[in-house]
Amino acid sequence: MASAIDGLKPELVWKYFAEISKIPRGSKNETAVGNYVMETAKKLGLKAAREKCGNVIVRKPASPGREKVKSICLQGHLDMVCEKNTDKKHDFLKDPIELVRKGNVLMANGTTLGADNGIAVATNLAIMEDRSLEHGPLEFLFTIDEETGLTGAANLGHDALVSKTLLNLDSEEEGHIYVGCSGGRDTLGTWKCAFEASPVGTVAVTVSVKGLKGGHSGLEIDKGRGNAIKIINRVLIALGEIGARIASVEGGNKRNAIPRECEAVLFVPKAKLAKSKEIVAGCNKVLKAELSTAEKDLNVTVAETAGMKKGKVLPKTVQKKLTMTISALPHGVTKMSADIPGLVETSTNVAVINTTKKGIVLATSQRSSVATEIDEICHTVRSIFELGGAAVETSDGYPGWKPDLSSAILKTAKTSYKSLYGKDPEVKAIHAGLECGIIGERIPGMDMISFGPTLEGVHSPDEKMYIDTVDKFWKFLLAILKNVN
């Protein structure tokens, strides 16, 4: 039976990609694939070591005549996201990934492909084996648990690497070189209170905000999309003016996502029930008009809550502080980069709201590629929470990677790409997290770039890798290694 990788170039890369696709390697389950890397290094006569956290580091001597060239580290992560279609029978703890080739695309059969970041692992293994290549001293860093906690990068030994130049092979657009990413933190506000009995003469209603696109709180934060929590808060304020009392608010589900939906249960005076419906209808009309381009499917509705004649509500003072705080909290882009046109430098996201037996919890997330700006936007959010009477917690988060357009390895990469393909690569930064930010903090002074072949639909069963871009990526990487001095 023909293999999905038959005839593909470069042969070594595809050989190793097929091999690691047989090894289950979901996040926090990287031991087996780490063993495979260690065993491969041993067979090739290369020095390999495993850090206590599970990272694997392999060293390959320079090719003849290149011994005095500076050492380069090639880095990628061992783990993959494990997602499958609902009708697909697959055990990610023991079953291999089934590779499927469709023209110029490589996919998996009903599961994630694991090209994120299996292509980096396979590429590093291929370079470890190929003794025909021209390069200086090389280090290969295989990190663990990038997808669920950046654990490997965060626990990298401060003296684990000799190299002061790093090529991160975890980007997804061939012809693009990434030189920066955002760091991030979460800021949490909590209003603890004793709920009160719903007022006599009120009826329970449920207000819902649905139909929003949502999206990644970094990559889509500049798209002008609606935030379900901010939207419902406008409705809650309007209903509060006719005496509505909040029983609960639930919205959003991930701190790194723009909330798509939000729902609130309120008790409205029976005499004002018709008025409440008018208010919500009016809000729906206004909001749809405001967001008509970005959010065509937005819908704000209100309906009586079946079977709920009485309940518990927030004290009036807490309700006012909550709605005023949400109104005051910024959401979206707060600063664009002056160095890279079109790049969001700093942003904040009002992310998740939940009601507990003891009160209300509101989670927000902040991002920036500049460490001091993360401090500043977190301070802004904290200040608003505190002024609104909430108890505040801020996470340690992860560091950003500030673009350095004067980088020596960037200059080499740009020259190498143009000499190969007759055009300049696109230099970019990403308003999301990469391991480079953490590695740069663990090993100060590291000169870094990130690049890779073209992938689409990562983290989903639709994940695709474009076959022709793998060969271009490979040749580009080898040119950089050859041209470094």
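Visitor: Which residues have the most contacts inside the largest nonpolar core, and how many residues does that core have?

Guide: In this predicted model, the largest nonpolar core has 67 residues, and those with the most contacts inside it are Ile127, Leu167, Ile449 and Met465. Taking Ile449 as an example, and leaving out residues up to four places away in sequence, its contacts include Leu167, Tyr178, Trp401, Ile409 and Ile480. Apart from this core lies another, of 47 residues, among them Phe195, Val203, Ile242 and Leu298.

Visitor: What makes Leu387 count as exposed?

Guide: The relative accessible area of Leu387 is 78%, and the term exposed applies to values over 50%, so Leu387 is called exposed. Leu387 belongs to helix 8, and its C-alpha atom is separated by 8.6 Å from that of Lys321, 66 residues apart along the chain.

Visitor: Which residues of helix 8 are buried, and how do you know that they line one face?

Guide: The buried residues of helix 8 are Glu373, Ile374, Ile377, Cys378, Val381, Ile384 and Phe385. Seen down the helix axis, these buried residues fall within an arc of 135°, so they line one face of helix 8. An α-helix has 3.6 residues a turn, so residues three or four places apart point the same way. The face turned away from the buried side carries the exposed residues Ala371, Thr372 and Leu387. Among the elements that cover the buried residues of helix 8 are strand 9, helix 7, strand 16, strand 17, strand 18 and strand 19.

Visitor: How do you know that the length of helix 8 agrees with what its residues should span?

Guide: Helix 8 has 17 residues, from 371 to 387, which at 1.5 Å a residue should span 24 Å, and because its end C-alpha atoms are 24 Å apart, the two values agree. Just after helix 8, Gly389 takes a positive phi of about 80°.

Visitor: Why is strand 17 described as largely enclosed by the rest of the structure?

Guide: Of the 13 residues of strand 17, residues 344–356, 11 are buried, and buried requires a relative accessible area under 20%, so strand 17 is largely enclosed by the rest of the structure.

Visitor: What makes strand 16 and strand 18 pairing partners of strand 17?

Guide: Two strands count as paired if at least two bridges are found between them. Strand 16, residues 332–336, pairs with strand 17 in the antiparallel sense over 4 bridges, with Gly332 standing opposite Thr348. Strand 18, residues 359–368, is joined to strand 17 by 10 bridges, and these strands also run antiparallel. Both pairings therefore satisfy the requirement of at least two bridges. Thr356 stands opposite Gly359 in strand 18, and a hairpin joins strand 17 to strand 18 through 2 residues.

Visitor: Why are strand 4 and strand 22 called edge strands?

Guide: The sheet in question is an open one of 4 strands, in the order 4-5-23-22, with antiparallel pairing. Strand 4, residues 99–102, and strand 22, residues 455–456, each pair on one side only, and they are the edge strands of this sheet. Strand 22 pairs with strand 23, residues 464–466, in the antiparallel sense over 2 bridges, which means that the requirement of at least two is met. In this pairing Glu456 stands opposite Lys464.

Visitor: Lys28 and Asp145 both have a positive phi without being glycine; which of them is buried and which is exposed?

Guide: Phi of Lys28 is near 70°, and this residue lies in the loop between helix 1 and helix 2. Its relative accessible area is 59%, which is over 50%, so Lys28 is exposed. Asp145 has a phi of about 55° and is placed in the loop between strand 6 and helix 4. Its relative accessible area is 2%, which is under 20%, so Asp145 is buried.

Visitor: Where are the peptide bonds that are called cis, and what is omega in them?

Guide: One cis peptide bond joins Lys9 and Pro10, with omega about 0°, and Pro10 is found in the segment before helix 1. Another joins Asp116 and Asn117, with omega about 10°, and Asn117 is found in helix 3, residues 115–129.

Definitions and conventions: Residues are numbered from 1 along each chain as its sequence is written. This is a predicted model: local features need pLDDT of at least 70, side-chain atom pairs count only at pLDDT 80 or more; totals for chains, interfaces and linings use all residues. Side-chain values use heavy atoms; hydrogens and water are left out. Buried means under 20% relative accessible area, exposed over 50%, partly exposed in between (1.4 Å probe, protein chains only). The expected span of a helix is 1.5 Å times one less than its number of residues. The arc is that of the directions from the helix axis to the C-beta atoms. Contact means heavy atoms within 4.5 Å. A nonpolar core is a set of buried Ala, Val, Leu, Ile, Met, Phe, Trp, Tyr and Cys residues joined through side-chain atoms within 4.5 Å.
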